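Work through the exercises below with the sequence and the model open. Each task is followed by a solution in steps.

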Amino acid sequence: MLSKSSLRQKWFRLRIVHAVCAALVVLAYPGYFPQPIIGQEVMRGQSEAGDMECISYCSPTRPGTRIMEVKVRLANSPLNAADLRSKVRQQGLEVTVYADGFERGLYATVSVIKPKALFRARTKGDGLAPAVQAQRKIPGLEKLVITNVATRLDKPLQSILQLPSPVGTTTGEWVTVRLEGLDPGIEYTFRATGGRSVVTCQAVVCPVDTIPTAANRAEHKPNTKR
């Protein structure tokens, strides 16, 4: 029968072997253990009148997906459910990526905010000048799409109203429009159809946007042959 000291020595050796094996696994597979979560970048904007807000951030579940939420105040005081839903059905939204895009007619619009609505650039039928008609395809707006719309009457979804509004901007009735299809680093300026207030947000650059592609990595791979 083994003595207590022999058993302790055997147990000690087993623990050392186990620790060495674990260390080798970590070295061989650095992604084996979860990495710390990097704080995500957030861009905010607010209109001068305080009746519009926007926020841009990266999707926490879909790498490389940029999300922007635009909030528009529909009324300064509470409305009943029927009036609030009626207001939403009448609400349109316009967006440009140019500093003077609204003045020059270089913007896209949706007549009614609703899921899956694509922003449409203005066309010849809108009475635009020939010089503007030639620029109907506006960079940064061709893939812009509404993915969700919500008011206080709607059940909160994980994909919308994810981040709180600045203090002092929650009075009245608001509608939040969730957008995807943004180009990283571009500034988007929004206004409600027929409105004067504008709000500008820059689309965030997600971490995956800065990771080199496989082709680029191959080009920069060091030459180990001698």
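**Exercise 1.** Which residues are linked with Arg178 in a network of salt bridges?

*Solution.* The structure is a predicted model, in which local features need pLDDT of at least 70 and side-chain atom pairs count only at pLDDT 80 or more, while totals for chains, interfaces and linings use all residues. Residues are numbered from 1 along each chain as its sequence is written, and side-chain values use heavy atoms, with hydrogens and water left out.

Step 1. Apply the criterion: a salt bridge is a side-chain nitrogen of Lys or Arg within 4 Å of a carboxyl oxygen of Asp or Glu. Across the whole structure, six salt bridges are found.

Step 2. Take one pair. The closest N and O atoms of Glu180 and Arg178 are 2.7 Å apart, and the two residues form a salt bridge.

Step 3. Complete the network: its members are Arg62, Arg178 and Glu180.

Step 4. Check the accessibility. Glu180 and Arg178 are both buried (under 20% relative accessible area; exposed is over 50%, partly exposed in between, with a 1.4 Å probe and protein chains only).

**Exercise 2.** Describe the surroundings of strand E8.

*Solution.* Step 1. Locate the strand. E8 covers residues 173–180; strands (E, at least two residues) and helices (H or I, at least four) are DSSP runs numbered from the N terminus.

Step 2. Count the buried residues. Eight of the eight residues of E8 are buried, so the strand is largely enclosed by the rest of the structure.

Step 3. Separate the faces. In a regular strand, side chains alternate between the two faces of the sheet. In E8, one side carries Glu173, Val175, Val177 and Leu179, the other Trp174, Thr176, Arg178 and Glu180, and all of these are buried.

Step 4. Find the partners; two strands pair if DSSP finds at least two bridges between them. E3 and E8 run antiparallel and are joined by seven bridges, with Glu69 opposite Arg178. Strand E7 (residues 145–150) also runs antiparallel to E8, through five bridges, and Ala150 stands opposite Thr176.

Step 5. Look over the ring of Trp174. Lys71 lies over its face, 5.4 Å from the ring centre (the criterion is NZ of Lys or CZ of Arg within 6 Å of the ring centre and within 35 degrees of the ring normal).

**Exercise 3.** Trace the open sheet and the contacts of Arg191.

*Solution.* Step 1. Write the strand order. The open sheet has five strands, E6-E5-E4-E9-E10, with antiparallel pairing. E6 (120–121) and E10 (199–202) are at the edges with a single partner strand each, so one side of each is left without a neighbour in the sheet.

Step 2. Examine one pairing. Strand E4 (residues 93–96) and strand E9 (residues 187–192) are antiparallel, with four bridges; Glu94 has Arg191 as its bridge partner in E9.

Step 3. Turn to the side chains. Glu94 and Arg191 form a salt bridge, with 2.6 Å between the closest N and O atoms. This pair links distant parts of the chain, 97 residues apart. Glu94 and Arg191 are both buried.

Step 4. Add the ring contact. Arg191 also lies over the face of Phe102, at 4.1 Å from the ring centre.

Step 5. Compare with another salt bridge, between Arg104 and Asp100 (3.5 Å, N to O). Arg104 is partly exposed at 39% relative accessible area, and Asp100 is partly exposed at 33%.

**Exercise 4.** How many disulfides are found, and what do they join?

*Solution.* Step 1. Search for cysteine sulfur atoms within 2.5 Å of each other. Two disulfides are found in the whole structure.

Step 2. Describe one of them. Cys54 is joined to Cys201, S to S 2.2 Å, and the link is right-handed, with 100° about the S-S bond. Cys54 lies in strand E2 (residues 52–58) and Cys201 in strand E10, so the disulfide ties together parts 147 residues apart in sequence.

Step 3. Describe the other. Cys58 is joined to Cys206, S to S 2.3 Å. The torsion about this S-S bond is about -115°, so the disulfide is left-handed. Cys58 lies in strand E2 and Cys206 in the loop between E10 and helix H5 (214–219), so parts 148 residues apart in sequence are tied together.

Step 4. Give the pairing. With the bonded cysteines numbered in sequence order, it is 1-3, 2-4.
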